[in-house]
Amino acid sequence: LIQTERSRMFKELSATGKYKVYEPSANFLLARIKKPGVTSEDIFEKAIRQKMMIRDCSTFPFLDNSYIRFCVMSPEMNTRLLDCLNSI
């Protein structure tokens, strides 16, 4: 289930052109926000208001406020998260 969902999320987010999604090999994905003027803090706030959690990677070494990380969950939760991320 995780492998299938991970692949689905990678393909769907990559296709939007809003994110550079790095090829995952674990149960989470790392993405760089490509949309000008949108930061990881903006996306974190939007997700948390919808009761979803993502990681703002601005405090990670070598990353900045254009990176987010999120876990692969159930298909329903993943669809909710994709909808949130795509609405940016």
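**Exercise 1. Find which residues Asn78 touches, leaving out those up to four places away in sequence, and decide whether Asn78 is buried or exposed.**

*Solution.* Bear in mind that you're looking at a predicted model.

Step 1: Skip the sequence neighbours, and you're left with Glu5, Arg8, Met9, Cys71, Val72 and Met73 touching Asn78.

Step 2: Now place the residue itself: Asn78 sits in helix H3.

Step 3: Check the accessible area. Buried means under 20%. Asn78 has a relative accessible area of 0%, so it counts as buried.

**Exercise 2. Work out whether Thr79 is buried, exposed or partly exposed.**

*Solution.* Step 1: Thr79 is found in helix H3.

Step 2: Recall the cut-offs: under 20% is buried, over 50% is exposed, and partly exposed lies in between. Thr79 comes out at 32% relative accessibility, so it is partly exposed.

Step 3: Want a distance to try in the viewer? Pick the C-alpha atoms of Thr79 and Ser25: they are 20 Å apart, with the two residues 54 places from each other along the chain.

**Exercise 3. Put the four strands of the sheet in order and say how they pair.**

*Solution.* Step 1: Read across the open sheet and you get E1-E2-E4-E3, with antiparallel pairing. Strand E1 (19-21) and strand E3 (55-56) are the edge strands, each pairing on one side only.

Step 2: Take E1 with strand E2 (residues 28-33). Three bridges join this antiparallel pair, and the two strands make a hairpin with six residues between them. One bridge to look up is Val21 in E1, whose partner in E2 is Ala31.

Step 3: Next, add the helices. Helix H1 (residues 2-16) packs on the sheet and touches E1, E2 and strand E4 (67-71), and its direction makes about 145° with that of E1. Helix H2 (residues 40-49) packs on the sheet too, touching E1, E2, E3 and E4, at about 35° to the direction of E4.

Step 4: Move on to E2 and E4, which pair in the antiparallel sense over five bridges. Here Phe28 has Cys71 in E4 as its bridge partner.

**Exercise 4. Sort the side chains of E2 by the face they point to.**

*Solution.* Step 1: Walk along the strand and you'll see the side chains alternate.

Step 2: Leu29, Ala31 and Ile33 point to one face and are buried. Phe28, Leu30 and Arg32 point to the other face and are not buried.

**Exercise 5. Describe the largest nonpolar core: how many residues does it have, and which element gives the largest share?**

*Solution.* Step 1: The core has 21 residues, and those with the most contacts inside it are Tyr19, Ile43, Ile68, Phe70 and Leu85.

Step 2: List the elements that give two or more residues: H1, E1, E2, H2, E4 and helix H3 (75-86). The largest share, four residues, comes from H3.

Step 3: Zoom in on Ile43. Leaving aside neighbours within four places in sequence, Ile43 is in contact with Tyr19, Ile33, Val38, Ile54, Ile68, Leu85 and Ile88.

Step 4: Here's the general idea to take along: in soluble globular proteins, nonpolar side chains tend to be buried together.

**Exercise 6. Find the volume of the largest pocket and the element that gives the most to its lining.**

*Solution.* Step 1: The volume is about 160 Å³.

Step 2: Among the lining residues are Met52, Arg55, Phe70, Met77 and Leu81.

Step 3: Two elements, E4 and H3, give two or more residues to the lining. E4 gives the most, with three residues.

Technical notes: Residues are numbered from 1 along each chain as its sequence is written. This is a predicted model: local features need pLDDT of at least 70, side-chain atom pairs count only at pLDDT 80 or more; totals for chains, interfaces and linings use all residues. Side-chain values use heavy atoms; hydrogens and water are left out. Two strands pair if DSSP finds at least two bridges between them. Contact means heavy atoms within 4.5 Å. Axes are lines fitted to C-alpha atoms, for helices over the stretch in contact, and angles run from 0 to 180 degrees between N-to-C directions. A nonpolar core is a set of buried Ala, Val, Leu, Ile, Met, Phe, Trp, Tyr and Cys residues joined through side-chain atoms within 4.5 Å. Buried means under 20% relative accessible area, exposed over 50%, partly exposed in between (1.4 Å probe, protein chains only). On a 1 Å grid over the protein atoms alone, a cavity is a set of points where a 1.4 Å probe fits but cannot get out, and a pocket is an open set with protein on both sides within 12 Å along at least five of seven lines; lining residues have an atom within 4 Å of a point. Grid points are joined across faces, edges and corners, and a volume is the space filled by probe spheres set on the points.
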